[in-house]
Each structure stands twice: as structure tokens, then as C-alpha cells.
Amino acid sequence: MKKDNEKLDTLFEKFNQQWDIEELSTGHKQRFQSKLIVKKRSISKLLPLAIAASIVLLLGISLIYNEDDKSSELQFASKETKQTDSIFTVIINKELEKLNGKKSPENKRIIVDALKQMKVLDQDYEKIIKELETNGENKQIIFAMLSNLQTRISFLQTVLQHIEKNEQSMHLPDEKTI
């Protein structure tokens, strides 16, 4: 331990005349403390926004998990109806993922309109499911359910084809038509 202290002493002696011993300007401490206070205030202003963002995130996650439970709504239906619903739901979700993957400033309006139309079709599907719950399975309800599912899939495929055509036409050089 003594040797370490001796080494430090020799080091300090070696650099004795090279230390920066300049005095700080007047008011330095007050300026530094005022900057710290400003930073604390800005952090405290962002705290409510951070809390609000966390709440919105949690609500969004809970909505996603609630939507995943929709496929289990058909507990009262036959095994074939459940399988058909789950197969179509998987296809629809894949098509929606493709659609969301095509988001760009050029396609934004098309995608927003398509999602609005999908919401209408989803609401119709919910009505069909309620009808299925109250009246049980019959040919008309099953046909309406399958028709709605097929309509949603073909609609999404049509929208995706339309977006692809728009993207292809944007990549073509300007041509003059006669």
C-alpha cells in the first residue's frame, strides 16, 4: 500500500507545474445550476406524454389480443364451420399483411379506403355470427358466412393487384401515347 502511495506522490510531483489551476468565471455555478433546472423541467413536461403513450400502447395490445379471440367465438358451431372460418381467417390476415406491406405515400389513399371497406365487411360478418348464435347453423347462414369470407379475400386480392399496377406504371418512363 505504501508503494502505491509513493508512486502517486512521484506522479503528482512530476506534473506539479502542469496542473490547470485557472479560476472559473463569476456566475459559472449559477449558470450550471440553471441549466440543470431547465433539463429537469423538460423531463417533467414529457412525463405525462410518456404515460399517455404507454396507456395507448397497452390499449392497442389489448385490442390486438381481443381480435385474435374472434376465431374462438364459434364454439357453438360445428367442427367443419370452425375449420372453414379459421382457414379463411388465416388467408384474410395474410392478405391484410401484404396490403399493409405495400404502404407508401402513393398507395396511402387506396389502402385507407380498402381498410374502410374491410371494416364494413367485418361488421357484416359479425352480424352473420350473431345470427348463427341465435338461430344455429343452417344453409343460408353458412352460405352468407362463406360468401362474406370469400368476398373479403377477393376484395383484398383485387386491391393488391390495383396497387401493383399503380406501382408498375410509376416505374415506367414517361411515354407519349398517340
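Over which ring does the charged end of Arg152 sit, and how far is it from the ring's centre? It sits over the ring of Tyr125, 4.7 Å from the centre. The views below start from the whole chain and come back to this spot, all in a predicted model.

**View 1. The whole chain is a run of helices.** Going along the sequence, the pattern reads α-α-α-α-α. That makes five helices and zero strands. The chain has 178 residues, and buried ones make up 16% of them. If you go looking for aromatic pairs, a search of the whole structure turns up zero. The same kind of search for salt bridges gives three, and each of them gets a view below.

**View 2. Four nonpolar residues make a surface patch.** Leu8, Leu11, Phe12 and Phe15 together form a nonpolar patch of about 360 Å². Phe15 is found in the loop between helix H1 (2–14) and helix H2 (28–68). Its relative accessibility is 30%, so Phe15 counts as partly exposed.

**View 3. Helix H4 has the span you'd expect.** H4 covers residues 108–135, which is 28 residues. At 1.5 Å a residue it should span 40 Å, and its end C-alpha atoms are indeed 40 Å apart. Buried residues in H4 are Ile111, Ala114, Met118, Leu121, Tyr125, Ile128, Ile129 and Leu132. An α-helix has 3.6 residues a turn, so residues three or four places apart point the same way. Just after H4 comes Gly136, with a positive phi near 80 degrees.

**View 4. Glu95 and Lys98 form a salt bridge inside helix H3.** Their closest N and O atoms are 3.4 Å apart. How far apart are the two residues along helix H3 (residues 79–101)? They are three residues apart, which means a separation of about one helical turn. Are the partners buried or partly exposed? Glu95 counts as buried because its relative accessibility is 7%, whereas Lys98, at 47%, counts as partly exposed.

**View 5. Lys102 and Glu167 form a salt bridge between distant parts of the chain.** The closest N and O atoms of Lys102 and Glu167 are 3.7 Å apart. Lys102 belongs to the loop between H3 and H4, Glu167 belongs to helix H5 (residues 139–171), and their positions lie 65 residues apart in the numbering. Lys102 is partly exposed, with a relative accessible area of 23%. Glu167 is also partly exposed, at 25% relative accessibility.

**View 6. Asp122 and Arg152 meet in a salt bridge.** The N to O distance here is 2.2 Å. This pair, too, links distant parts of the chain: Asp122 is in helix H4, Arg152 is in helix H5, and they are 30 residues apart. Side chains of opposite charge can pair when their charged atoms come close. Which of the two is buried, and which is partly exposed? Asp122 is partly exposed, with a relative accessible area of 27%, while Arg152 counts as buried at 7% relative accessibility.

**View 7. Back to Arg152 and the ring of Tyr125.** Besides its salt bridge with Asp122, Arg152 has its charged end over the Tyr125 ring, 4.7 Å from the ring's centre. Tyr125 is one of the buried residues of H4, and Arg152 is buried as well. So on the H4 side Arg152 has two partners to look at: Asp122 through the salt bridge, and Tyr125 through its ring.

Technical notes. Residues are numbered from 1 along each chain as its sequence is written. This is a predicted model: local features need pLDDT of at least 70, side-chain atom pairs count only at pLDDT 80 or more; totals for chains, interfaces and linings use all residues. Side-chain values use heavy atoms; hydrogens and water are left out. Rings of Phe, Tyr and Trp (its six-membered ring) pair if their centres lie within 6.5 Å; planes under 30 degrees apart count as stacked, over 60 as edge-to-face and the rest as tilted. A charge sits over a ring if NZ of Lys or CZ of Arg is within 6 Å of the ring centre and within 35 degrees of the ring normal. Patches are made of residues with over 30% relative accessible area and no salt bridge: like charges are joined within 9 Å, nonpolar side chains (Val, Leu, Ile, Met, Phe, Trp, Tyr) within 5 Å. Accessible areas come from the Shrake-Rupley method with a 1.4 Å probe; for residues, only the protein chains shown count as cover. A salt bridge is a side-chain nitrogen of Lys or Arg within 4 Å of a carboxyl oxygen of Asp or Glu. Helices (H or I, at least four residues) and strands (E, at least two) are DSSP runs, numbered from the N terminus. Buried means under 20% relative accessible area, exposed over 50%, partly exposed in between (1.4 Å probe, protein chains only). The expected span of a helix is 1.5 Å times one less than its number of residues.
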